[in-house]
Amino acid sequence: VLAELIAKFVSHLSESRTDCYFSTGSYKARDADVKKENLSSMQQLGVEMTVRYGKYLNLLKEDAENGLCFVLINCEEFLKQQQRTVVSSLCCLQEHYAGYDWFASSIFLIMSGDREKTLMFLQQFSCLLVSAFLWLPRLHLSMHLPVTTVEYGIHPVYFCSAHHIEMLLKAELPLVCSAFHMSGFTPSQICLQWITQCFWNYMDWSEICHYIAICIFLGPDYQIYMCISVFRHLQQDILKHTEA
């Protein structure tokens, strides 16, 4: 039901010029025989983890691995059309996105391993503003960002979402904010980790689905509110650890 709902919602928005924040070129999926060996070692590890988790949740069938590889390789090719060339020694500014694509993997699981549906959804989704915040590889070396922003290698999620989380945390949860300050560790660091991984390994699958759906339906600012609500939920534990 969720797969159908977000697919229809995103399809409807992507047809409206006023809702399309980014331009998307035309792209035809490469239907060559995609193997896991075509991916980097980090991506291969991510694929294994995703497929294992998907089978544990009874969402994927035996041949899911090839389908996920197909999605990841096509996403990389599709997004490459909107990237600029930057000469830099920074790992995060190489041609390939340095991490694993947790958002695309999450959508693959929501779509029950249907590679065509997943790819179509991601292509339509990529023209919406919320894609910049939920799907981190979306803005990797992106021509939609100013050149100086790209060259710094800092993702907008860090200087937009994470910055606002810290500002809100000060007002809403001053004790949690002080606890982080005393530890010498910033809330934005842990939030960036949560957001990059789509809350995998932190929340249950149903909650991950709620996070993705809420941000798509209500807007990217709900990413900030979600992180604040997690800190509120963890407040007693954080304070207990600080005292100890």
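Visitor: Hi! Is Phe-199 buried or exposed here?
Guide: In this predicted model, Phe-199 counts as buried, at 1% relative accessibility.

Visitor: And where does Phe-199 lie?
Guide: You'll find Phe-199 in the loop between α10 (187–196) and α11 (205–218).

Visitor: What is phi of Phe-199 near?
Guide: Phi of Phe-199 is near 65°, which is a positive value in a residue other than glycine. For background, most residues other than glycine have a negative phi.

Visitor: Which loop is Asn-58 found in?
Guide: Asn-58 sits in the loop between α2 (41–56) and α3 (64–80). Phi of Asn-58 is positive too, near 60°.

Visitor: Is Asn-58 buried or exposed, then?
Guide: Asn-58 counts as exposed, with 70% relative accessibility.

Visitor: Switching to cysteines: how many disulfides does a search of the whole structure find?
Guide: Zero disulfides turn up when the whole structure is searched. Take Cys-75: its nearest cysteine sulfur belongs to Cys-69 and is 12 Å away.

Visitor: Is Cys-75 buried or exposed?
Guide: Cys-75 is buried, and its relative accessible area is 2%.

Visitor: What about Cys-209, why is there no bond to Cys-198?
Guide: The two sulfurs are too far apart for a bond, because the one in Cys-209 is 10 Å from the one in Cys-198, its closest cysteine sulfur. A disulfide would need the pair within 2.5 Å.

Visitor: Is Cys-209 buried or exposed?
Guide: Cys-209 is buried, at a relative accessible area of 9%.

Note on methods
Residues are numbered from 1 along each chain as its sequence is written. This is a predicted model: local features need pLDDT of at least 70, side-chain atom pairs count only at pLDDT 80 or more; totals for chains, interfaces and linings use all residues. Side-chain values use heavy atoms; hydrogens and water are left out. Buried means under 20% relative accessible area, exposed over 50%, partly exposed in between (1.4 Å probe, protein chains only). Helices (H or I, at least four residues) and strands (E, at least two) are DSSP runs, numbered from the N terminus.
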